[in-house]
Amino acid sequence: MTAKEIRQTYLDFFKSKQHHIVPSAPIVVKNDPTLMFTNAGMNQFKDLFLGEAAIKYPRVADTQRCLRVSGKHNDLEEVGIDTYHHTMFEMLGNWSFGDYFKKEAIAWSWELLTEVYKIPKDQLYVSIFEGDEKEGLPRDTEAFELWKQYVDEDRIILGNKKDNFWEMGDTGPCGPCSEIHVDCRPLVERNASSGKDLVNADHPQVIEIWNNVFMQFNRVKDGSLKPLPAQHVDTGMGFERLVRVLQGKTSNYDTDVFQPLIQYISEKSGFEYSSSAEPGDKGWNEAVAMRVMADHIRAISFVIADGQLPSNNKAGYVIRRILRRAVRYAYTFLNLKEPFLNQLVPVLAEQFKGVFDELYLQKDFVQKVVLEEEVSFLRTLEKGITLFESHLNNTVIPANSKGHGYGFDYDGSSIENVPLNSISGNFSFLLYDTFGFPIDLTELMAREKGLSVNIEEFNKALTEQKNRSRAATAIDTGDWVIVNQDNDTEFVGYDLTEIETEILKYRKVSAKGKEQYQIVLRQTPFYAESGGQVGDVGRLEDHSRQFWVDITDTKKENGVIVHYTDTLPTDVDGKFWAVIDEDKRVLTEDNHSATHLLHAALKKVLGSHVNQKGSLVNSDNLRFDFSHFAKIGDEDLAQIEHIVNQKIRENIHLKEQRNVPYDEAINSGVTALFGEKYGDFVRVITFDDHFSKELCGGTHVKATGQIGYFKIVSESAVAAGVRRIEAITAEKAEQFIVNQNKELNQLKGLLKGNQNISLAVQALLEENAKLKKEVEKSILAKAGDMKQAIADKAENINSINFIAAQVDLPNAEAVKNLAFEVKALVPDLYLVLTTLIDDKPGITVMISENIVSESLNAAKIVRELGKEIQGGGGGQPFYATAGGKNAAGLASVLEKAKNFIV
């Protein structure tokens, strides 16, 4: 069977068992602060397990794109080394929400594996939870008795909490699980020894294939377990592993899931792929590199297709690191020095056509983004290699009599007693953290020089950075306090700006030293941050409307609208009035509706390739990111702005359609966004059926005339293939025009009423440039006049011509020129100049190259002298500079300069 046939067989099987087949949720998680990426099939159903959302379908099956590269579930470092770990993988899953339980889940998993897929029964082992006395949890005897109907008892393994009690995180839904493992060893090995002892022992050929999780509990903040409102089944089967088993391979990478990519890499790189290579064998490094590239391009492509671009923070940083890891392997082991990874995107897109079409439909865009990232990182690699060589040349110097040398940390401070063969771990961390230079590449280059990296020091710096990052983002979340048992919540904000309501539950959260409360209401007009629109703010008033608490933000968490307050109402029982800040809502609606008009105008002016890649809409302005590969010219920007304002003047009335079947909406030509998770029924926002028609859950103006005026204030690049427009509307746009006119009139006044402002300013610029050249010429002449006077001050000390002097020059460039000119006049020179430029003290040290030594080193001397002015600096052994903030110390600098040669 092919991979496509295997996937479809799974879905068809569970469809025959009355399961509703749902699409994969986006791999990039939204509306869940605990996750960046979908790392398990159950993520999109979390609110159902917690009883926080209504159950539409009691039985569901799907194939879910997952990513495990950070946090508790982190497989990144294993990828490419072993045969079965991946960053992005598919999780085949079937789910029961309060419907069937262990009996059906076990029976169907056995039926599918042995009767449909025809896996030999004597190659399968199962495990059940043995219980945990500390948690007060008994053995899962129900699962044990059910499995005895299908397998001998000696094939049922008792698993501990680590292996057979599934928990998504420190808190949340959990329960005992029953795993199914398959022994893929050759027959002779299976006959020689049982596979039972190899289960969960990291044997590459005895692997877990399916996990049936029986969700019974919710782990709460204090670590205790509370029963869930209803019992559920959460099963997950690794698609890539299943394909490997059914295709009789010993590695996931040998299946038709990965081979098209690997064979393409092999052909283009000129290296043969050796699946059987072991560490140390010829071809091992190349094979690992090909596996890493084939795996990583899947994660990279699908994350970008789902709307997350590479960046320097959060999810964007994670995907950038994955991409750079793949490029680094290609660069180091396959000699691919030019951008190559992007060429795999069309190959991958073709593989998933008809399965995950969002990649195929955006393959050109995704390839362009990957290409730009590769170009950028290859430049970084070159820069990192140059910095490494420079560090090697300038900081590792001959060993002293004790067999040790002196290394210098990247901040220039001296580190004594560092072994000669050690590269500073802090310098390696600088390369890694600032320049994105992989530590394993630094280690590889060090080995080529017969050196090693101080990895302990590197790991210490890395740990400190991670701890800082965790501390900055740590959120301490308390347990929900239930006020009213009803879990049904309703958003009424499309029609109302206030409503009488009740508190259903609340909890305390702490982040960055600040305590807040999260409140869930039975009915609320507050829009929760989503789709680029910020959450509403407002007040929660008591029933008398005499007292209130401010609602500072509104977000959605696992489908539940959560209101943020700094304090709780005195009495959380009874009735309240939920009242939004209507002024801010109106301005936000202006900007949101203008965003829709802008999107349509961009498509009309630039082309149908334009698609939204991100947005931010609040009461102050709007920001719209979209796919486009070139800077937008002034004429096009003016045309886009004109079209939007034309639609505003037409005062087009909003056409809002709620609960439209998704397929019906799509077939009507509506614009849907990649990376968004849509339900079976959607909301359609239309401003003129022939102009703007989008799926959107946000709030909007009743007619476009309310927007008033639309003004673009900037257009820029965000990432490869993504542009950004920032704009303002309504009162902000009006004020912008008023301020521009005011500034223009002031400028006219300064130009003495000259009506042709452009020509007048151009004349001023030309005059200024001419005067600047004359000033520079004068400064150079002054420095030239100084050089002989400075040279005449030379004092010969121990065959070294020493000069220390304070000079009066207007800029650093003039001081540098003077130093080099004096050096040309005076042989064997050791020169120290001090300056005071714009009230800032400075030091310049120049030394003739022929007398540079360990003790007479400009970089070291300037760092030491810099302490006198409360500053620091650096440079090369023959020329270095420093700056500081204590001008009073300049005299001490000149006095102490001589100490380095006497």
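Start by selecting Gln216 along with the residues it touches: beyond those up to four places away in sequence, these are Phe101, Lys102, Cys174, Gly175, Pro176, Lys226, Pro227, Leu228 and Gln231. What you have open is a predicted model, so please read every stop on this tour in that light. Colour strand S8, residues 206-219, and you will find Gln216 within it. Is Gln216 buried or exposed? Its relative accessibility is 18%, so Gln216 counts as buried, the cut-off for buried being under 20%.

**Ala143 and helix H4**

Keep Lys102 on screen, since it also belongs to the next stop: Ala143 touches Lys102, Ile106 and Ile128, not counting residues up to four places away in sequence. Ala143 sits in helix H4, which covers residues 141-147. With a relative accessible area of 0%, Ala143 is buried. To get a feeling for distance, draw a line from the C-alpha of Ala143 to that of Ser269; the two residues are 126 apart along the chain, and the line spans 51 Å.

**Trp147 and the nonpolar cores**

Now select Trp147. Which residues are in contact with Trp147, leaving aside its neighbours within four places in sequence? They are Ile106, Ser109, Trp110, Val126, Ile128, Ile156, Ser178 and Ile180. Two of these names, Ile106 and Ile128, you have already met beside Ala143.

Trp147 also opens the way to the largest nonpolar core, a set of 124 residues. Highlight Tyr10, Leu113, Trp147, Ile209, Trp210, Met237 and Leu341, the members with the most contacts inside this core. Then colour helix H9, residues 284-305, which supplies the largest share of the core with 15 residues. Another core, of 29 residues, lies apart from it; to find this one, select Leu637, Phe691, Ile707 and Ile712, which are among its members.

**Helices H8, H9 and H11**

Leave H9 coloured and add helix H8, residues 259-269, and helix H11, residues 344-351. Two packed helices are described by the angle between their axes and the distance between the axes.

Look at H8 and H11 to begin with: their axes lie 10 Å apart, at an angle of about 155°. That angle makes H8 roughly antiparallel to H11, as it is over 145 degrees. The crossing of this pair is right-handed. To see the contact itself, show side chains for Pro260, Leu261, Tyr264 and Ile265 on H8, and for Leu344, Val347, Leu348 and Gln351 on H11. Sorted by class, the residues here are seven nonpolar and one polar, with no charged ones.

Next, turn to H9 and H11. How do their axes cross? They do so at roughly 75° and come within 10 Å, which means that H9 is roughly perpendicular to H11. On the H9 side, select Met293, Ile297, Arg298, Ser301 and Phe302; on the H11 side, select Leu344, Val345 and Leu348. This contact divides into six nonpolar residues, one polar and one charged. Leu344 and Leu348 of H11 take part in the contact with H8 and also in the contact with H9.

**Two loops with a positive phi**

Jump ahead to Asn798, in the loop between strand S32 (795-797) and strand S33 (800-806). Asn798 is not a glycine, yet its phi is positive, at about 55°. Asn798 is exposed, with a relative accessible area of 59%.

Then select Asp838, in the loop between strand S34 (829-837) and strand S35 (840-847). Here too you will find a positive phi of about 55° in a residue that is not a glycine. Asp838 has a relative accessible area of 67%, so it counts as exposed.

**Gly874 in strand S36**

One more residue to select is Gly874, in strand S36, residues 872-875. Is Gly874 buried, exposed or partly exposed? At a relative accessible area of 26%, Gly874 is partly exposed. Its contacts, leaving aside neighbours within four places in sequence, are Val862, Arg863, Ala880 and Thr881. From Gly874 to Leu462 the C-alpha distance is 25 Å, although 412 residues separate them in sequence.

**Zooming out**

Finally, bring back the whole chain, with its 24 helices and 37 strands. Along the principal axes, the C-alpha atoms fill a box of roughly 100 × 80 × 55 Å. Of the 902 residues, 50% count as buried. Among contacts with a separation of 6 or more, 67% come from residues 24 or more positions apart.

Technical notes
Residues numbered from 1 in each chain as written. Predicted model: local features only at pLDDT ≥ 70, side-chain atom pairs only at ≥ 80, totals over all residues. Heavy atoms only, no water. Axes fitted to C-alpha atoms, helices over the stretch in contact; angles between N-to-C directions. Helix = DSSP H or I, 4+ residues; strand = E, 2+ residues; numbered from the N terminus. Parallel < 35°, antiparallel > 145°, perpendicular 65-115°, else oblique. Left-handed = near helix turned anticlockwise from the far one by under 90°. Contact = heavy atoms within 4.5 Å. Nonpolar A, V, L, I, M, F, W, Y, C, P; charged D, E, K, R; others polar. Core = buried A, V, L, I, M, F, W, Y, C linked by side-chain atoms within 4.5 Å. Buried < 20%, exposed > 50% of the residue type's maximum accessible area, 1.4 Å probe, protein only.
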